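Reader: I've got the model open on my screen and a coffee in hand. Could you walk me through it?

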Amino acid sequence: MNQMIRILIIEDEKNIRNFMISVLTAQQYHVISAATAAEGLSQAASQCPDLILLDLGLPDMDGIEVIQKIRIWSSIPIIVISARTQEDDKVEALDKGADDYITKPFGNSELLARIRTAFRHSNRMQTNDPLAHRPYHSHGLTIDFEKHQVNRDGQNIHFTQNEFKIIALLARNCGRVMTYDKLIEHIWGPYSENDNTILRVNMANIRRKIEPNPAEPIYIFTEIGVGYRMAEED
Ligand code: CA
């Protein structure tokens, strides 16, 4: 079934490129690859891939610039492959339009999970089908977007309006990382100060209400220096 799906890999390191090609080919994805940004951009335009895996450190152009160039004409999912440990690069890539990132070194299951999540999300956005409005379910937690209700193991949990906005945004994007800035902009508007303190306070309250052990969350994970990622649905 995956053979109809075309994935473009833009990565200059041969070993990593070949690793990804073999993992994806084994899953019957149709794989196209490029070793430079220029080649990748031309493949992206001519081959109409369904998803792009993009290395940030390319020899001829910064990966961030590649994202910007692609975003001018396409909303195709882009997953950034980053060897860099600096959180700033990941945040910048996400803010410039990447959908998610994966940090080297990574294994095949992580790579495939990220790809599935990206597709699930882009399908949901495109079709705008009623499934997009159905409640979120994970490990006994239910979030009903229409009724603005959160339930855990049958118990109704009270949320303030902002807390609900935060958890609903994370749940609608479950499996994907949401940057602090994206969350702040969504809750408090584009002109709010980029101060993470209020967000952190809200998040602490949310975790206290839903997590059995807030120190070891099972629903909302922290991506240090980047943002939060909510658990995939059951
Ligand atoms: Ca590289």
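**Charges over rings**

Author: Let's start with a charge over a ring, bearing in mind that this is a predicted model. The charged end of Arg172 sits over the ring of Phe145, 4.2 Å from the ring centre.

Reader: Which ring does the charged end of Lys209 sit over, and how far is it from the centre?

Author: For a lysine, the atom to look at is NZ, and the cut-off is within 6 Å of the ring centre. The ring under the charged end of Lys209 belongs to Phe159, and the distance to its centre is 5.4 Å.

Reader: Now the metal. Which protein donors does the calcium ion have?

Author: Go along the chain and you'll find the donors spaced as D-x42-D-x1-G. They lie 2.2 to 2.4 Å from the calcium ion, and they are Asp12 (OD), Asp55 (OD) and Gly57 (O).

Reader: Is Asp55 buried or exposed?

Author: The cut-off for buried is under 20% relative accessible area. Gly57 comes out at 33%, so it is partly exposed. Asp55 has just 3%, so it counts as buried.

Reader: How are the rings of Phe19 and Phe106 arranged?

Author: This is one of two aromatic pairs in the structure. The ring centres of Phe19 and Phe106 are 6.0 Å apart and the planes are at 55 degrees, so the pair is tilted.

Reader: Which parts of the chain does that pair tie together?

Author: Phe19 is partly exposed at 30% relative accessible area, whereas Phe106 is buried at 12%. The two parts are 87 residues apart in sequence: helix 1, and the loop between strand 5 (100-103) and helix 5 (108-127).

Reader: And what kind of pair do Tyr180 and Tyr228 make?

Author: Tyr180 is in helix 7 (residues 180-188) and Tyr228 in strand 12 (residues 227-230), 48 residues apart. Both are buried, Tyr180 at 15% and Tyr228 at 4%. Their ring centres are 5.5 Å apart with the planes at 85 degrees, so the pair is edge-to-face.

Reader: Last one: how wide an arc do the buried residues of helix 8 cover?

Author: Helix 8 runs over residues 196-210 and reaches 21 Å from first C-alpha to last. Its buried residues are Leu199, Asn202, Met203, Ile206, Arg207 and Ile210. In an α-helix there are 3.6 residues a turn, so residues three or four places apart point the same way. Here the buried residues lie on the same side of helix 8, because they cover an arc of only 135 degrees.

Methods:
Residues are numbered from 1 along each chain as its sequence is written. This is a predicted model: local features need pLDDT of at least 70, side-chain atom pairs count only at pLDDT 80 or more; totals for chains, interfaces and linings use all residues. Side-chain values use heavy atoms; hydrogens and water are left out. Donors are N, O and S atoms within 2.8 Å of the metal (3.2 Å for Na, K and Ca); water is not among the atoms, so sites may look incomplete. Buried means under 20% relative accessible area, exposed over 50%, partly exposed in between (1.4 Å probe, protein chains only). Helices (H or I, at least four residues) and strands (E, at least two) are DSSP runs, numbered from the N terminus. The expected span of a helix is 1.5 Å times one less than its number of residues. The arc is that of the directions from the helix axis to the C-beta atoms. Rings of Phe, Tyr and Trp (its six-membered ring) pair if their centres lie within 6.5 Å; planes under 30 degrees apart count as stacked, over 60 as edge-to-face and the rest as tilted. A charge sits over a ring if NZ of Lys or CZ of Arg is within 6 Å of the ring centre and within 35 degrees of the ring normal.
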